[in-house]
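Okay, can everyone see the screen? Let me bring the model up and walk you through a few spots.

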Amino acid sequence: MGDHNQPFLPVSGDPECAPVLGDDVVVDGALHRPQPGSTKSKLLLAVFSGIFVVCLILAGGYDKSGVVKVAQLGGVDELGVGPIEMPAGSTIVRPAVSRGKSAGVSEKANFSPEQLLGGGEVIGDGLTEDFPWNNSMLSWQRTAFHFQPEKNWMNDPNGPLFYKGWYHFFYQYNPNAAVWGDIVWGHAVSRDMIHWLHLPLAMVADQWYDVQGVWTGSATILPDGKVMMLYTGSTNESVQVQNLAYPANHDDPLLLDWVKHPGNPVLVPPPGIHHKDFRDPTTAWKTSEGKWRITIGSKVNKTGIALIYDTEDFINFELKEGFLHGVPGTGMWECVDFYPVAVAGGNGLDTSVNGAGVRHVVKASLDDDRHDYYAIGTYDEEAGKWYPDNPAIDVGIGIRYDYGIFYASKTFFDQSKQRRVLWGWIGEWDSEAADVRKGWASLQGMPRTVVLDTKTGSNLLQWPVVESESLRLRSKEFKNVVAKPGAVVPIKLEAATQLDIVAEFELDKEAVERAVESDEEFKCSSSKGAAHRGALGPFGLLVLSEETLSEQTPVYFYVVKGKNATLRTYFCADQSRSSLANDVNKQIYGSYVPVLTGEKFAVRMLVDHSIIESFAQGGRSVITSRVYPTKAIYGAARLFLFNNGTEAGVTASLKVWQMNSAFIRPFPNL
Ligand code: DQQ
């Protein structure tokens, strides 16, 4: 067993010290640092190693995590009582050359050197010098039960639906490379959204109106069972237009062949909308007049908006005056989603359901910070408007589906199980060079059911679809494991790379009562991560950890005892020590999470090689971590319970299942 006494040693890129090491210069919008071998860098090294030592001493030696400090946009939490975490992405420096941006759409954002806590060296094009990845490290990253194509690049989920016994999943796909470009629609089918069969491409870029890309779209199932697929095409002149496609043969459960409507495009950017700011049509819903209504994301100046159109035939559309909703300062809204949730919770609702007992959700994917935000509110069908319950946590300035890596998501109503299911794209946060070497990039999150949290009434609950439990194999239970302040306790498992973990934690009650009230304004992203010691946390699990803890990803709660002894809980994931590599993102993410009276601190975690999806408090707050360990891989991965709080002991009970791999392979004999 390694030395666990100092589990949260500082990482090399401590921000309070790192800037002097870098001698950063901005050229052509990219940040450059002196190369390691240069005379200048050697001179600087001598001076700065002295400063570094001082920094270490000032840092108290051991508790600096090297957190990236990010600009906070403000905002209040879902209960309207204080600040919540805002997007770390607001400081992202894009690479000098962005293929997607020049095409008028986002793609993988290579993060800035400030976001590489390992301090990767910057080379000419704004990318970082490679870490010496070897093939076994790279192949280990491929996941076992998350959806991904056999090879190459994937991004947004498109047009998910259940049809004649099959779940269909379409996705943005580059058939030619592991980077964004040449986008067409990949296609796979499944009986349970866990095991998948790849089908031939559903739609390729073969028309003037989509020759630069068959971009994101959504499916609508008509009352007679027919499927209408609306999608964005990037034309030969890079204009974003909306196109209609439908199955060539509705009797084919596999929906193999798609016909593009001869009258395409069915919609072009309306006056006042830039030709590159008009994309991602939603599933249509019925109006009381019996028409179909859709919304499409756009922006006017810096105000993100959702335009609305009515149609009777999916061919002729009428632009409604104004827009469904807009929020100043949020920039381009991609992949807007709009759907009802039942006030009484329980089942999901068909997109057209409206009336008493229903609230409506608007979700937008913010191109500016690449996070998915939602808000709950009221839909005025006649006016074609939606109003947030709490304008302080409006779309784009309030709650996120996921505080980690999760973007361009889309829900669909699964009529076979009366549930609303959420799909989201989990992008890469390593270098593009590594993606090219491993031959693939990106995954899809485990599909999640979405319902209104009837206890708070102010947030959604997301939970892995019940079918995920069919992957559970052997389980081990650990009851009442005690972790004293400062302790790291091994959770002994036969393997720790494919897991489903259900854990509950309790703080020692007397210690909580004794704890002094504090006015700490905590934020996961600007804290020192798991090294940030308070009286009541952090405590949680170290996932994908190496035996000596040289690599570890803490997922944890941090509790602040405020005025009148009220407890305020944050749920965070700390990537800063997740990898010894220097060219991967190592941010600390998280948010405030409501923990109601009588509830324990609870988390479910799906660990799948390079992904950790963590659902706190029944899915009130979710964090998807994308991590790239180099040592905590294969048989070397471990799981630990930890408590880095200073005052209260923690008692944890866990049930941990080994997870089977899903079958994801080509459809036989096609
Ligand atoms: N991805 C698609 C666009 C969408 C963006 C292009 C979101 O339609 O706006 O690949 O990731």
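Let's begin in helix α5, residues 432-438, where lysine 438 and aspartate 435 sit 3 residues apart, about one turn of the helix. Helices here are DSSP runs of H or I, at least four residues, strands are runs of E, at least two, and both are numbered from the N terminus. Those two residues make a salt bridge, with 3.3 Å between the closest N and O atoms. By salt bridge I mean a side-chain nitrogen of Lys or Arg within 4 Å of a carboxyl oxygen of Asp or Glu. The structure has 36 salt bridges.

Quick housekeeping: this is a predicted model, so local features need pLDDT of at least 70 and side-chain atom pairs count only at pLDDT 80 or more, while totals for chains, interfaces and linings use all residues. Numbering runs from 1 along each chain as its sequence is written, and side-chain values use heavy atoms, with hydrogens and water left out.

Now the ligand. Which residues come nearest? Of the 15 around the ligand, they are Asn155, Asp156, Gln172, Arg279 and Asp280; "around" means a heavy atom within 4 Å. Three of these put polar side-chain atoms by ligand oxygens: glutamine 172 at 2.7 Å, arginine 279 at 2.8 Å and asparagine 155 at 3.0 Å. For polar contacts the cut-off is a pair of N or O atoms within 3.5 Å. And how much of the ligand is covered? The protein covers 100% of the 300 Å² of accessible area that the ligand has on its own, using Shrake-Rupley with a 1.4 Å probe. Two or more shell residues come from each of β3 (152-163), β7 (214-221), β17 (333-342) and β22 (407-414). By class, the shell has 7 nonpolar, 4 polar and 4 charged residues. Nonpolar is Ala, Val, Leu, Ile, Met, Phe, Trp, Tyr, Cys and Pro, charged is Asp, Glu, Lys and Arg, and the others, Gly among them, are polar.

Staying with β3 for a second, asparagine 152 is in that strand, and its phi is positive, near 75 degrees. Most residues other than glycine have a negative phi, and most peptide bonds are trans.

On that theme, there's a cis bond from asparagine 264 to proline 265, omega near 0 degrees, and that proline 265 is in the loop between β10 (258-260) and β11 (278-279). Glycine 537 and proline 538 are also joined by a cis bond, with omega about 10 degrees; proline 538 is in strand β31, residues 536-545.

Last stop, the second largest pocket, about 430 Å³. Its lining has 14 residues, with Lys509, Leu567, Gly598, Glu599 and Phe601 nearest the centre. A pocket here is an open set of points on a 1 Å grid over the protein atoms alone, where a 1.4 Å probe fits, with protein on both sides within 12 Å along at least five of seven lines; lining residues have an atom within 4 Å of a point. β30 (498-507) gives the most to that lining, with 3 residues.

How values were computed:
Grid points are joined across faces, edges and corners, and a volume is the space filled by probe spheres set on the points. A polar contact is a pair of N or O atoms within 3.5 Å; within protein, one must be able to donate a hydrogen and the other to accept it, and residues adjacent in sequence count only if both atoms are side-chain atoms.
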